[in-house]
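Subject: Structure handover, with notes

Hi,

Here is the structure I promised to pass on. My notes follow below it, with the cut-offs spelled out so that you can check them against your own scripts.

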Amino acid sequence: MPSMLSVRPAVRRCACAGALTLALLGAGLPASAADGDGPGLHRFYSQRVTWASCGADRPRDLQCGKVTVPLDYARPGSGTLELALARYRASGPSRGSVVLNFGGPGGAGVPALAAGGREFMDLTNGYDVVAFDPRGVGQSSPVSCGTGSALYEVLSADDAAAGDPQAALERWRRAAAECAAHAGAVLRHIGTVDSARDLDVIRQALGDKKLNYLGFSYGTRLGAVYAAEFPDKVGRMALDGVDTLTEPLAEQGRVAAEGQQAAFDAFLHWCVRDLACPFGDDRRTARARVLRLVRSLDRDPVPMVFGGELSGQALVGAISQALYSKRLWPLLEHAVASLVEDGDTRRIEAFTSGGVTLPGRRGPAPKAHGVLVDPEDVPPDNLAAAMMAINCADDPDRPGADRIGRDLARLRTEYEQASPVFGRFRLNGLLMCYGRPKGTDFVRERVKNLEVPKMLLVGTRGDPATPYRWTVETAKRLGSSTVVLDNRGQGHTGYGSSKCVHRKVDDFLLYGSLPPSGSSCPADPEPDAGD
């Protein structure tokens, strides 16, 4: 669970970042299907991408295209999906493509590459740099939970932490039913196992014999699953901000709460050295001031400029987003100061993400099933709807209501001990799969002991979403093919925040040069207080 959702009106699209039976191949993949030669798959593996301009609102040198994949790989004749692609072409001789996934799950790759592609321009020295919208995400048959209020209610409610598990479960059950009613046929086939098979179709359509890949956060899960499904097709693969492959949602949430608390404590240590810090000048009392602010807003939420109310938990969600990069620390400091001193929520609202349509706001009507939708027609709740759907499709655990009720009292204590600030916020997310069908056990049971070329895994010590220990645990699980790079810095993932990580990842992808396993990158300097 690399990301946790927070709620705001759908003022802007995210640029980065079901009660139906899942037809996932959790028990393993037939050899004929896994190599692309299975019945009905040849036409998908014989296509090539046709590239064209992405349009006036995208960078001029960015090209867009699409590939067609089966809706259901077990029945490839039963329907198709179009997946949106974008690329920056190689600036010189190209050794093929490197495919990016920016994480989520639920993050659309095409707008992320359009917005942040300059970060990857060094890779165009040897590659076409390609991103895509996975199935159910962005322009690629985006899932939605409709225009009702059930999804908003579960993401803004605090029943689980407040000691009313039955009310919480009923909210999540209604949300699952509403999502199933509106998401379309792709919901049954939205998990990472199917997305990894899409990735192999993309590889072939790009004309590459091997997949060269850079995945962030959830994208590391996707990369690992691909390597397990198609070990002979793995080229150079770098995974940054490594996700867990084995821990259940309850443990993921607790560990993530610990990571967020550690990252927030680092922010407070930086903040109190600035006279303008809204939490004072004493680190020992700063956390107490934060908790008082959160609890006050939980009791008496304040209206937000763009609609809805800012509760304490919504504030915590905004803070969690700001911890993804040290470069955001000054903005977070100013945002909280504006809230505390002037009652101005606008800067805090800029940190909230979730793409959830508030009651009374209507998203666009979906287009015909299976074809690309226009960027402006992506449902406002797609990020939230896809994140939950994919995480639940990858999770085989479905405890009953009685078991959940018994566990929540214990977990509430554990989460608050893990993080006084983030524990409550994380606890509600444990129930996201209630009312949805059981997911595959493929990720948990089959993604291990890989016989593939060397893979580079990057873990960041101060990562608030994917803690460093997940990198170490996943490397051990995947086997001797892994090389671990220890980033001593702060923030979620290292490629965009650490010059050292950026250089070592590029050296590996471009030249095959790997650092010694266990080597480290030093933390980059902190931003100046008051910036």
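To start with a puzzle: which side chain of opposite charge is nearest to aspartate 463, and how far away is it? It is arginine 426, at 8.5 Å, so aspartate 463 has no salt bridge (a side-chain nitrogen of Lys or Arg within 4 Å of a carboxyl oxygen of Asp or Glu). Aspartate 463 is nevertheless buried, where buried means under 20% relative accessible area, exposed over 50% and partly exposed in between, with a 1.4 Å probe and protein chains only. For charge, Lys and Arg count as positive and Asp and Glu as negative, while His and the chain ends are not counted.

Two bits of housekeeping. This is a predicted model, in which local features need pLDDT of at least 70 and side-chain atom pairs count only at pLDDT 80 or more, while totals for chains, interfaces and linings use all residues. Residues are numbered from 1 along each chain as its sequence is written, and side-chain values use heavy atoms, with hydrogens and water left out.

**Two buried aspartates**

What does aspartate 463 have around it? Its place is the loop between strand 10 (455-462) and helix 18 (468-478); helices (H or I, at least four residues) and strands (E, at least two) are DSSP runs, numbered from the N terminus. Its side chain makes a polar contact of 2.9 Å with the side chain of histidine 492, and also reaches the backbone nitrogen of alanine 465 at 2.8 Å. A polar contact here is a pair of N or O atoms within 3.5 Å; within protein, one must be able to donate a hydrogen and the other to accept it, and residues adjacent in sequence count only if both atoms are side-chain atoms. Leaving aside residues up to four places away in sequence, aspartate 463 touches Gly241, Gly259, Gly491, His492 and Thr493, contact meaning heavy atoms within 4.5 Å.

Aspartate 486, in strand 11 (residues 482-490), is also buried, with a relative accessible area of 2%. A polar contact of 2.7 Å links its side chain to that of arginine 461. With the same sequence neighbours left out, the residues that aspartate 486 touches include Tyr468, Ser519 and Cys521.

**Salt bridges**

The count comes to 26 salt bridges. Three examples:

- Aspartate 200 pairs with arginine 203, the closest N and O atoms being 2.8 Å apart. The two are three residues apart in helix 7 (residues 192-205), so about one helical turn separates them. Aspartate 200 is buried at 0% relative accessibility, and arginine 203 is buried at 2%.
- Glutamate 247 pairs with arginine 469, with the closest N and O atoms 2.9 Å apart. Glutamate 247 lies in the loop between strand 7 (234-240) and helix 9 and arginine 469 in helix 18, so the pair ties together parts that are 222 residues apart in sequence. Glutamate 247 is buried at 11% relative accessibility, whereas arginine 469 is partly exposed at 31%.
- Aspartate 395 pairs with arginine 398, and here the closest N and O atoms are 3.3 Å apart. Aspartate 395 is buried at 5%, while arginine 398 is partly exposed at 24%.

Salt bridges that share partners also join Glu247, Glu251, Arg254, Glu258, Arg469 and Glu473 into one network.

**Empty space**

The largest cavity holds about 170 Å³ of space. It is lined by 15 residues, and those closest to its centre are Arg221, Glu247, Gln252, Asp394 and Asp395. Helix 9 (249-271) and helix 17 (442-446) each give at least two residues to that lining.

The second largest pocket has about 460 Å³. Of its 22 lining residues, Leu249, Ala250, Asp397, Pro399 and Leu430 are the closest to its centre. Helix 15 (401-418) is one of the elements giving two or more residues, and gives the most, with eight.

For both, the search uses a 1 Å grid over the protein atoms alone: a cavity is a set of points where a 1.4 Å probe fits but cannot get out, a pocket is an open set with protein on both sides within 12 Å along at least five of seven lines, and lining residues have an atom within 4 Å of a point. Grid points are joined across faces, edges and corners, and a volume is the space filled by probe spheres set on the points.

Best wishes
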